[in-house]
2 protein chains.
Amino acid sequence: MSEPQNPIEDYVSYALAAAHRAVNRSLAARLKKHGVQIEAWRIMEILDTGRRLTMGELAEIALINPPALSKLVDRMVSNGFVHRQSAQNDHRQVNLLITALGQKRMIQIRADIQDQDKQIVEQLGDEQAQKLLDILSGLS
Amino acid sequence: MSEPQNPIEDYVSYALAAAHRAVNRSLAARLKKHGVQIEAWRIMEILDTGRRLTMGELAEIALINPPALSKLVDRMVSNGFVHRQSAQNDHRQVNLLITALGQKRMIQIRADIQDQDKQIVEQLGDEQAQKLLDILSGLS
DNA sequence: TGAATTTAGTTTCCAAGTCAATTAAATTCT
DNA sequence: AGAATTTAATTGACTTGGAAACTAAATTCA
């Protein structure tokens, strides 16, 4: 006796994809004004904490595959938002650092992004929003 | 007084992206054996209920932008999984139908996909899994 | 009716992502 | 030490996706 998995909406993977798509759309729309894509925002947000990260560590945290990260970083370097620095211990590694321009840009961007996040949290309610983060953390 | 939004993990958009990425990875790995991508599975899963859908309706439900859907359907047609049929009322519209081959393939695929979904639900526990679907539906 | 507008789907051109191969540095092993 | 292996990042060839333009059919309206 296997219970039929009826509508596609009941698959966790579908529900996640749908919500992710909706949230990403509005996020991308906000970032468009700043001329930045979602992944670039993540990178700058992560770097702006001042942590010294290698490309590999960054790829992991920023949810980007290494080849895609390399190419995106190329673009961000030419935009002047970040710069590469070869690690002194291990010359295979590359540390990525945010530039002053990148930081300046992040101040403006962050306001917008936090506003969007706040809207989502309000839409769900504090309790549900917290619960959501909670449950999602069990999936990654 | 604005509370600082500290680590990136606390952004709803980040948590969603991370979970979505993790789930999609394992889903894609399973589908790879069947030579099918996630979006193609969604299309076939949706069509296999027997509903008669236009490209536009399908794009909406399958979470695919119309141009991407057109191209993916081209490939699926040449694989013999689906076929197009111009709608008789409105000749601008195209109905997409699953073929016998597509249905046959879906039987095998669905077993794998349902197994993955079941694993996720077990990992979270029934209650949390249900709660997750619940909360996510408020975002799409 | 028939010109103007809207709608559905596709195509085009280009930007971005993937997989596999490559380069260069570090580490392991004999 | 130095040959063989592993690791970090990038690159190259190819595929896919997106925005905007386009085609064809339907609808509106003068």
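**Briefing: helix packing and selected residues in chains A and B**

Apart from its neighbours within four places in sequence, His34(A) contacts Arg105(A), Gln108(A), Ile109(A) and Asp112(A). The model is a predicted one, and the points below begin with this histidine, pass through three other residues, and end with the helix packing of chain B. In that packing, helix 5 of chain B is crossed at roughly 110° by helix 2 of chain B and at roughly 155° by helix 1 of chain B.

**His34(A) and its surroundings**

- His34(A) belongs to the loop that runs between helix 1 (12-32) and helix 2 (38-47) of chain A, and, because its relative accessibility is 16%, this residue counts as buried.
- Although His34(A) and Arg105(A) are separated by 71 residues in sequence, their C-alpha atoms are 8.1 Å apart in space.
- Among the contacts of His34(A) is Asp112(A), and here the two side chains make a polar contact at 2.8 Å.

**Thr54(A) in strand 1**

- Thr54(A) is part of strand 1 of chain A, which covers residues 53-54, and it counts as buried because its relative accessibility is 12%.
- When neighbours within four places in sequence are left aside, the residues in contact with Thr54(A) are Gln93(A), Val94(A) and Asn95(A).

**His20(B), a residue with contacts in chain A**

- His20(B) sits in helix 1 of chain B, residues 12-32, and its relative accessible area of 14% is why this histidine is classed as buried.
- With residues up to four places away in sequence not counted, His20(B) touches Leu16(A), Ala17(A) and His20(A).

**Thr49(B) in the loop after helix 2**

- Thr49(B) is located in the loop between helix 2 and strand 1 (53-54) of chain B, and it is classed as exposed because its relative accessible area is 52%.
- The side chain of Thr49(B) has a polar atom that lies 3.4 Å from the backbone nitrogen of Arg51(B).
- Between Thr49(B) and Gly102(B) the separation is 53 residues in sequence and 12 Å in space, taken from C-alpha to C-alpha.

**Helix 2 against helix 5 in chain B**

- Helix 2 of chain B is mostly covered, with nine of its 10 residues buried; among them are Trp41(B), Met44(B) and Glu45(B).
- The axes of helix 2 (residues 38-47) and helix 5 (residues 100-124) of chain B come within 10 Å and cross at roughly 110°, and the two helices are therefore roughly perpendicular to each other.
- The crossing of helix 2 of chain B past helix 5 of chain B is left-handed.
- On the helix 2 side of chain B, Trp41(B), Met44(B) and Glu45(B) meet Gly102(B), Met106(B), Ile109(B), Arg110(B) and Ile113(B) of helix 5 of chain B, and by class this contact comprises five nonpolar, one polar and two charged residues.

**Helix 1 against helix 5 in chain B**

- The axes of helix 1 and helix 5 of chain B also come within 10 Å, crossing at roughly 155°, which makes helix 1 of chain B roughly antiparallel to helix 5 of chain B.
- Helix 1 of chain B passes helix 5 of chain B with a right-handed crossing, and the residues making the contact include Val23(B), Leu27(B) and Leu31(B) from helix 1 of chain B and Ile109(B), Ile113(B) and Ile120(B) from helix 5 of chain B.
- Sorted by class, the contact between helix 1 and helix 5 of chain B has six nonpolar, three polar and three charged residues.

How values were computed. Residues are numbered from 1 along each chain as its sequence is written. Chains are lettered from A and ligands numbered from 1 in the order in which they are written. This is a predicted model: local features need pLDDT of at least 70, side-chain atom pairs count only at pLDDT 80 or more; totals for chains, interfaces and linings use all residues. Side-chain values use heavy atoms; hydrogens and water are left out. Axes are lines fitted to C-alpha atoms, for helices over the stretch in contact, and angles run from 0 to 180 degrees between N-to-C directions. Helices (H or I, at least four residues) and strands (E, at least two) are DSSP runs, numbered from the N terminus. Angles under 35 degrees count as roughly parallel, over 145 as roughly antiparallel, 65 to 115 as roughly perpendicular and the rest as oblique. A crossing is left-handed if the near helix is turned anticlockwise from the far one by less than a right angle, and right-handed if clockwise. Contact means heavy atoms within 4.5 Å. Ala, Val, Leu, Ile, Met, Phe, Trp, Tyr, Cys and Pro count as nonpolar, Asp, Glu, Lys and Arg as charged, and the others, Gly among them, as polar. Buried means under 20% relative accessible area, exposed over 50%, partly exposed in between (1.4 Å probe, protein chains only). A polar contact is a pair of N or O atoms within 3.5 Å; within protein, one must be able to donate a hydrogen and the other to accept it, and residues adjacent in sequence count only if both atoms are side-chain atoms.
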